[in-house]
Amino acid sequence: MTDRRLAIDAWESLFRAQHEVFGDINQDFHDDTLSQAEYDVLLTVTRAENMTARLRDVTANMLISQPSVSRLVERMATRGLIEKCADPDDGRGALVRATDAGAAIFRKLASAHGRAIAERMSLLSDEELAQLRDLTGKLRKRLPET
C-alpha cells in the first residue's frame with residue numbers, strides 16, 4: 001500500500017509545479033494571435049493526416065467540456081483558422097481542418113512556444129525528462145476497474 005502522506009505530498013508538488021510552469025509558458029499566448037485553447041485545437045489538427053481531425057478527437061485532447069470545444073471551434077472557423085465540415089464516415093460527427101492561415105499562425109507560435117518549454121524544462125537532465133514523461137504517462141493511464 002502506498003504511503004498516504006507521501007502520495008499527498010507528491011500530488012501537491014506535481015500540481016504546484018504544473019501550475020507554475022503553465023503560468024510561465026502561458027505568456028507565449030496573446031489574444032491577437034492564438035489563445036492557449038486555440039493552440040491546443042490546432043496542435044491536434046495539424047498533427048493529423050492532411051491537417052484534418054475528427055471533432056471528437058479534438059475534444060478528447062482538450063481540458064475543457066465538449067460544448068466549450070464546439071463553441072471554440074465555431075469561433076476559430078469564423079476567424080479563418082480552421083474549417084469544419086460533416087464527417088463522411090460518421091453522419092453525426094464533424095471534421096476539423098486547419099486552414100493555411102491557421103497552420104501558419106500555429107507554426108510560428110509553436111516554434112516560440114517550444115523554445116520556452118525547452119528553456120523552462122532545461123532545469124532537468126535528459127534522463128530526468130524521460131523519467132518525468134514516463135511517470136506522468138503512467139499517472140494518466142486509468143486503473144482497471146475492479
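Strands β1 and β3 (residues 90-98) run antiparallel, and three bridges join them. One residue pair can be followed by eye: threonine 52 has arginine 97 in β3 as its bridge partner. The model is a predicted one.

Now widen the view to the whole sheet. It is open and holds three strands, in the order β1-β3-β2. The pairing is antiparallel. In general, strands of a sheet pair through backbone hydrogen bonds, either parallel or antiparallel. Which strands form the edges? They are β1 (52-54) and β2 (82-87). Each of these edge strands pairs on one side only. The sheet also twists, by an average of 25 degrees from one strand to the next.

A helix accompanies this sheet. Helix α4, made of residues 66-79, lies across β2 and β3. Its direction is set at about 120 degrees to β2.

Next, turn to a pair of helices. Helix α2 covers residues 36-47, and helix α5 covers residues 100-121. Their axes come within 10 Å and cross at roughly 105 degrees. Angles of 65 to 115 degrees count as roughly perpendicular, so α2 is roughly perpendicular to α5.

Which residues meet where α2 and α5 come together? From α2 come Tyr39, Leu42, Leu43 and Thr46. From α5 come Gly102, Ala103, Phe106, Leu109, Ala110 and His113. Sorted by class, this contact has seven nonpolar residues and three polar ones. Charged residues are absent from it.

With these parts in place, step back to the whole protein. How many helices and strands does the protein have? There are six helices and three strands. Starting at the N terminus, the elements follow the order α-α-β-α-α-β-β-α-α. Trace the chain with that pattern in hand: two helices come before β1, and two more lie between β1 and β2. Strand β3 follows β2, and two helices then end the series.

Some overall values complete the picture. Along the principal axes, the C-alpha atoms fill a box of roughly 50 × 40 × 25 Å. The protein has 146 residues, and 25% of them count as buried. Its exposed area is about 10900 Å². Carbon and sulfur atoms supply 53% of that area. How do contacts span the sequence? Take the contacts between residues at least 6 apart in sequence: 51% of them join residues at least 24 apart.

Conventions: Residues are numbered from 1 along each chain as its sequence is written. This is a predicted model: local features need pLDDT of at least 70, side-chain atom pairs count only at pLDDT 80 or more; totals for chains, interfaces and linings use all residues. Side-chain values use heavy atoms; hydrogens and water are left out. Axes are lines fitted to C-alpha atoms, for helices over the stretch in contact, and angles run from 0 to 180 degrees between N-to-C directions. Helices (H or I, at least four residues) and strands (E, at least two) are DSSP runs, numbered from the N terminus. Angles under 35 degrees count as roughly parallel, over 145 as roughly antiparallel, 65 to 115 as roughly perpendicular and the rest as oblique. Contact means heavy atoms within 4.5 Å. Ala, Val, Leu, Ile, Met, Phe, Trp, Tyr, Cys and Pro count as nonpolar, Asp, Glu, Lys and Arg as charged, and the others, Gly among them, as polar. Two strands pair if DSSP finds at least two bridges between them. Buried means under 20% relative accessible area, exposed over 50%, partly exposed in between (1.4 Å probe, protein chains only). Accessible areas come from the Shrake-Rupley method with a 1.4 Å probe; for residues, only the protein chains shown count as cover.
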